[in-house]
Amino acid sequence: MKFIKKIDIFVFKAYSLLFVGTFFICLFIFLMQFMWRYVDELIGKGLTLDVLAHFFYYASLTLIPMSLPLAILLASLITFGNLGERFELLSMKAAGIPLVRILQPIIIFNILLCIGSFYFQNITGPEAQKKFYTLIYSMKQKSPELEIPEGIFYSEIPGYNIFVEKKGKENGMLYGVMIYSTTDGYEDAQIVLADSAELKTTADEKHLMLTMYAGERFRNMQAQGNMMARANVPYMRETFIQETDLIPFDNNFNMMDANVFSGSAQTKNLREIETGLDSLAHKSDSIGRSLFAYLQNTTYRRKVNIASQDSAKIARQTLNFDTLYSQLTVSQQQSILRNAMQKSTVATNEYEFRGLISKDIDQSTRTHWVEWHKKFTLSLACLFFFFIGAPLGAIIRKGGLGVPVVISVTIFIFYYIINVSGEKMAKSGEWVPWFGEWLSSMVLCPIGIFLTYKANKDSAVFNIEAYINVIRKILGLRISRHIARKEVIIHDPDYPVVKTELMALSQEWQAYAQKSRLRLPPNYLHIFFHNIDDHEVISLSRKMENLITILSNSRDAAILDALNKLPIVSTHAHTRPFHNYKWNMVLGIIFPVGIFFYFRIWRYRLRLYKDIQQIKKYSAFIAERIKKISEIE
């Protein structure tokens, strides 16, 4: 136990408790979503509690492999978000423990979960799928409970349409009953009108006993002889005071044989899938060989009994079939066309039938391969989601059920869309099965590696300010100054010295603007083919920033306001597009692209000219303000 540290126990305990809770929550959510697909088979069938319990039990077993990845993602996000929010993760890193070492016990736990998920999908999952499909099919076959509504025709009893005008709430009697029966066929339909009726189920629940009072029965009599005599056959009319009909209606729940679904790919383990693929390949080869033999003997090979010299003579001749056809009589031409049409129809039907068989085999083969790969991808998804959730939680440092739930659901929906789309493409044959099933893993794996690397290096992946700065740089936008008045100032600025340096700097800026001719178009060759920095602008900008730093210790609000209006000068934007000389050459050679960057550089030169004018304006204002301060003192 020397290898297990207290920190491992602490991290594992924090993760495992959350994992258990999130797993059952995710399983419940998936189960509720899954139940809506089969709500029609559950409602109105009078299913007993043990049948419903079996339904939810087998449905839960089939949903465990899908619930595990989401539970791992959510638990890892919340766990490391809580550790980051409470600065516990920061304390561990400050103690010299890297993030990968902190994740070590949970990595081992999730590897065991991956192995367990694979074992479950290969051993328990197929059997659960088989029993679940058997149960669903049996529930579909069960007859619905008898709940005859008022005022509409009820057709849930096979062969009967029953209309009830009113139902007695106290005694359960039916009043104003009309029954349309087709149990003997549509040609021998019966119509029964009754003043009242009573409907009960027999003791064995396999028949309905319908007792009708004060009614009439109308029925077409069977016609004898040919069909022409049927129109003259009268109908039978029967009046009764009380009559009882026994209607077959099995209201019991009968479980069908589970072996019916043993051929489905979802109910097989890896060995059974591989055996099924071998059988499908053998069957496909047999169909291909038989089709080849059929085409070889029927379409592509004809035996003609002629002498060799005659065949050589025919081969040297050029036969005009239109001429031969026109020499035939009309009856012979019709016979030839009729025979050709008959042969083409037979051949088309034969090819379509064989094509359907081949298509079914190909579809079944793709489904088997998809299920084979799915057992691996769903297992590895647990590990991939952990390496996404844990680093993400360490980066965002937000615990609880707010931000982690939103992020985890968004990531899982993204994964689910890719996974379902790939599986659909693989089953339809548009993509190969391995690519369609492994597409989601190929997307998740680089994301997990990237986030783990960034979290281990403490990189600010979600630093919005950094992304805003990049966007501003691309669009040519600048950051404004935000110099606030300081509460405590140790050294006040030496105003006379600062005033002299500020005015000298302003004159240097003016001299640079006149010398550089910033308002004129720049030289195209200098922009793209001369990798030279503008050192004078760099030096002037550095001097100005030093003076601004000194003046930021001023107590005068007007000076601070003027400092905020001084621009932040871009020292390289007006010289060339990139720092890399080769990239600039490529842009200069590609003339249309170069023209775009050429006008962009000109825009930066004009902006620099305006910045210099602004520097001159506010430098003069600050100098005047310093003069007033000196006079007051």
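In this predicted model, strand E3 and strand E4 (residues 190–201) run antiparallel to each other, joined over 7 bridges. One of the matched pairs puts Tyr180 opposite Ile191, its bridge partner in E4. E3 itself covers residues 174–181 and also pairs with strand E2 (residues 160–167), again in the antiparallel sense and over 7 bridges. Here Ile162 has Ile179 of E3 as its bridge partner. The hairpin of E2 and E3 leaves 6 residues between the strands, and Gly172 takes a positive phi there, near 75 degrees.

Glu150 ties into this part of the fold from outside the strands. Glu150 sits in the loop between H5 and strand E1 (153–154), and with 45% relative accessibility it counts as partly exposed, because that value falls between the 20% and 50% cut-offs. Once residues up to four places away in sequence are set aside, Glu150 touches Val164, Glu165, Lys166 and Lys167. With Lys167 there is also a polar link: a polar atom of the Glu150 side chain lies 2.9 Å from the backbone nitrogen of Lys167. Those four contact residues fall within the 160–167 stretch of E2. As for E3, Tyr175 is 25 residues along the chain from Glu150, and the C-alpha atoms of the two are separated by 9.7 Å.

Two residues other than glycine also turn up with positive phi. The first to mention is Ala214, with phi near 50 degrees. Ala214 belongs to strand E5 (residues 207–220) and is partly exposed, at a relative accessible area of 46%. The other is Arg517, where phi is near 55 degrees. Arg517 is placed in a loop, the one between helix H13 (495–516) and helix H14 (524–529). Its relative accessibility of 57% is over the 50% cut-off, so Arg517 counts as exposed.

Back in helix H5 there is Asn122. At 14% relative accessibility, Asn122 falls under the 20% cut-off and therefore counts as buried. What does its side chain reach? The Asn122 side chain comes to 2.7 Å from the backbone nitrogen of Leu270. Neighbours within four places in sequence aside, Asn122 is in contact with Asn269, Leu270 and Lys375. Leu270 thus shows up both in that contact list and as the partner of the 2.7 Å approach.

Next comes the empty space in the model. Rolling a probe the size of a water molecule over the atoms shows where such space is left. The largest pocket has a volume of about 1,100 Å³. Its lining takes in 41 residues, with Phe30, Thr62, Leu63, Met66 and Tyr416 lying nearest the centre. Helices H1 (6–35), H3 (49–85), H5 (99–141), H9 (330–396) and H10 (403–428) are the elements that give two or more residues to this lining. By residue class, the lining of the largest pocket splits into 25 nonpolar, 10 polar and 6 charged residues.

Closed-off space is there too, with the count coming to 3 cavities of 30 Å³ or more. The largest cavity has a volume of about 50 Å³, and its lining is made up of Gly84, Phe87, Leu89, Leu90, Lys93 and Arg397. Helix H4 (residues 88–94) gives the most to that lining, with 3 residues. In terms of class, the lining of the largest cavity holds 3 nonpolar, 1 polar and 2 charged residues.

The second largest cavity contains about 40 Å³ of space. Around it are Ser570, Ala573, His574, Tyr604, Arg607, Leu608 and Asp611. These residues of the second largest cavity divide into 3 nonpolar, 2 polar and 2 charged.

Methods
Residues are numbered from 1 along each chain as its sequence is written. This is a predicted model: local features need pLDDT of at least 70, side-chain atom pairs count only at pLDDT 80 or more; totals for chains, interfaces and linings use all residues. Side-chain values use heavy atoms; hydrogens and water are left out. Helices (H or I, at least four residues) and strands (E, at least two) are DSSP runs, numbered from the N terminus. Buried means under 20% relative accessible area, exposed over 50%, partly exposed in between (1.4 Å probe, protein chains only). On a 1 Å grid over the protein atoms alone, a cavity is a set of points where a 1.4 Å probe fits but cannot get out, and a pocket is an open set with protein on both sides within 12 Å along at least five of seven lines; lining residues have an atom within 4 Å of a point. Grid points are joined across faces, edges and corners, and a volume is the space filled by probe spheres set on the points. Ala, Val, Leu, Ile, Met, Phe, Trp, Tyr, Cys and Pro count as nonpolar, Asp, Glu, Lys and Arg as charged, and the others, Gly among them, as polar. A polar contact is a pair of N or O atoms within 3.5 Å; within protein, one must be able to donate a hydrogen and the other to accept it, and residues adjacent in sequence count only if both atoms are side-chain atoms. Contact means heavy atoms within 4.5 Å. Two strands pair if DSSP finds at least two bridges between them.
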